[in-house]
Amino acid sequence: MDYGIDFSNNGKKRKKKIIFVVIFTILVIMFVAFFFRNSNNKVVSNIATIVSKPINIICSGISGIKGKGSSDVQELRVKNEELQKENEELKMKVLESQRILDENITLKEMLNIQKEYQHYDIVMGNIIYREHDNWTQTFTINVGTNDGIKLDQTVVHEEGLVGYISNVTETTSVVTTILDSSSSVSVNISTINEPAVVNGDLELKAQNRLKLTYIPLDTEIAISDMLYTSGIGVMYPSSIPVGKIVEIVNSKNDVNRYALVEPCVNINKISEVAVIVN
């Protein structure tokens, strides 16, 4: 068993103590000098200033880093606020531009409708509510008896027939469209000037389609034939576009023959209509 003393280990510990004492002493001297740098004694003040210079440099560096960091954060905060403000202003400009565009489109629609039906007395109306159920195809407009609107008056759009007034109050009216299953319109087939009837259909209205029935047995019809109101009856004036044939079911001389019709007006997309009041 080795009972010898490890002098090398003791030497290392002694060196560490000496280094610690030296560093501690230097730090004490520097901090004492730092506090006496403003002494009235010029010699003491000069010595203290020289000795405390490293502390001043360290403190200045820390203060500079802190000040710069704080300044950068404040600058970023200001820029972020400016960007948010600019973003809000751009949003408002976009909304205003869209509003002006919508107003221009509406005004253009109204002018086109007035031009198309200039030979009639009409009252313009905006759609304010659409019925959302599986049975009817109606909507409400913002004009009523105060504007000269009455039951069964014809409702049109720039492209053609929309429907008729089925209910009316002083300020609003309900329009039953030609897509409604209760609707029936007497029409003429343009190419042959033959009469037939266009009906709304419960199963077809979701497809924006009508059914053409009562087609004369010996009548030749074709895809893209146009249909116009015949003027028969008291509800619809003559020669208003209704739709065009897009499909023929069954053949000529078939008593059950009918055709599918695409309305001239995409009723689910319009926002402005006119009521013929004369």
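Is T154 buried or exposed? I looked it up before anything else: T154 is buried, because its relative accessible area is 2%, where buried means under 20%, exposed over 50% and partly exposed in between, with a 1.4 Å probe and protein chains only.

**Ground rules**

I note that this is a predicted model, in which local features need pLDDT of at least 70, side-chain atom pairs count only at pLDDT 80 or more, and totals for chains, interfaces and linings use all residues. Residues are numbered from 1 along each chain as its sequence is written, and side-chain values use heavy atoms, with hydrogens and water left out.

**Overview of the chain**

I counted 2 helices and 12 strands in the protein chain; these are DSSP runs numbered from the N terminus, helices being H or I with at least four residues and strands E with at least two. Reading along the sequence, I get the pattern α-α-β-β-β-β-β-β-β-β-β-β-β-β. The chain has 278 residues, and 30% of them count as buried. For contacts with a separation of 6 or more, I find that 55% come from residues 24 or more positions apart, a contact being heavy atoms within 4.5 Å.

**Barrel with β3**

I followed the strand order β1-β2-β5-β4-β3-β12 and found that these 6 strands close into a barrel with antiparallel pairing; two strands pair if DSSP finds at least two bridges between them. Neighbouring strands of this sheet are turned by 40° or another angle? I looked up the value: on average they are turned by 45° against each other, direction ignored. The axes are lines fitted to C-alpha atoms, for helices over the stretch in contact, and angles run from 0 to 180 degrees between N-to-C directions.

I then went back to T154, which lies in strand β3 (residues 154-157). T154 and V156 point one way from β3, V155 and H157 point the other way, and all are buried. The side chain of T154 reaches the backbone oxygen of M235 at 2.6 Å. I take this as a polar contact, meaning a pair of N or O atoms within 3.5 Å; within protein, one must be able to donate a hydrogen and the other to accept it, and residues adjacent in sequence count only if both atoms are side-chain atoms. Leaving out residues up to four places away in sequence, T154 touches L161, G163, M235, Y236, P237, I240, A274, V275 and I276.

Which residues stand opposite V155 in the strands on either side? In β4 it is G163, and in β12 the bridge partner of V155 is V275. β3 and β4 pair in the antiparallel sense over 4 bridges and form a hairpin with 2 residues between them. On the β12 side (residues 272-276), 3 bridges join the antiparallel strands. I also checked strand β4 (residues 160-168) against strand β5 (residues 173-177): the two pair in the antiparallel sense over 5 bridges, and G163 has T177 as its bridge partner in β5.

**Barrel with β6**

Here I read the order β6-β7-β8-β11-β10-β9, and these 6 strands close into a barrel with antiparallel pairing. Neighbouring strands of this sheet are turned by 40° against each other on average, direction ignored.

I went along strand β6 (residues 184-189) and saw the side chains alternate: V185, V187 and I189 point to one face and are buried, while S184, S186 and N188 point to the other and are not. I189 stands opposite E194 in β7 and opposite L227 in β9. The antiparallel strands β6 and β7 (residues 194-199) are joined by 6 bridges. They form a hairpin with 4 residues between them, and N193 in the turn has a positive phi of about 55°. With strand β9 (residues 226-229), β6 pairs in the antiparallel sense over 3 bridges.

Further round, β7 and strand β8 (residues 210-213) pair in the antiparallel sense over 3 bridges, and N199 stands opposite K211 in β8. I noted that the charged end of K211 sits over the ring of Y258, 4.7 Å from its centre; the criterion is NZ of Lys or CZ of Arg within 6 Å of the ring centre and within 35 degrees of the ring normal.

My last stop in this barrel was A259, placed in strand β11 (residues 258-263). A259 counts as buried because its relative accessibility is 0%. Its C-alpha is 4.3 Å from that of I248, with the two positions 11 residues apart in sequence numbering. Not counting residues up to four places away in sequence, A259 touches L210, K211, L212, I215, I221, I245, E247 and I248.

**Aromatic pair**

How many aromatic pairs does the structure hold? I found 1. Why is the pair tilted? The rings of Y117 and Y120 have their planes at 50°, with centres 6.3 Å apart, so the pair counts as tilted. Rings of Phe, Tyr and Trp (its six-membered ring) pair if their centres lie within 6.5 Å; planes under 30 degrees apart are stacked, over 60 edge-to-face and the rest tilted. Y117 is buried at 5% relative accessibility, whereas Y120 is partly exposed at 26%.
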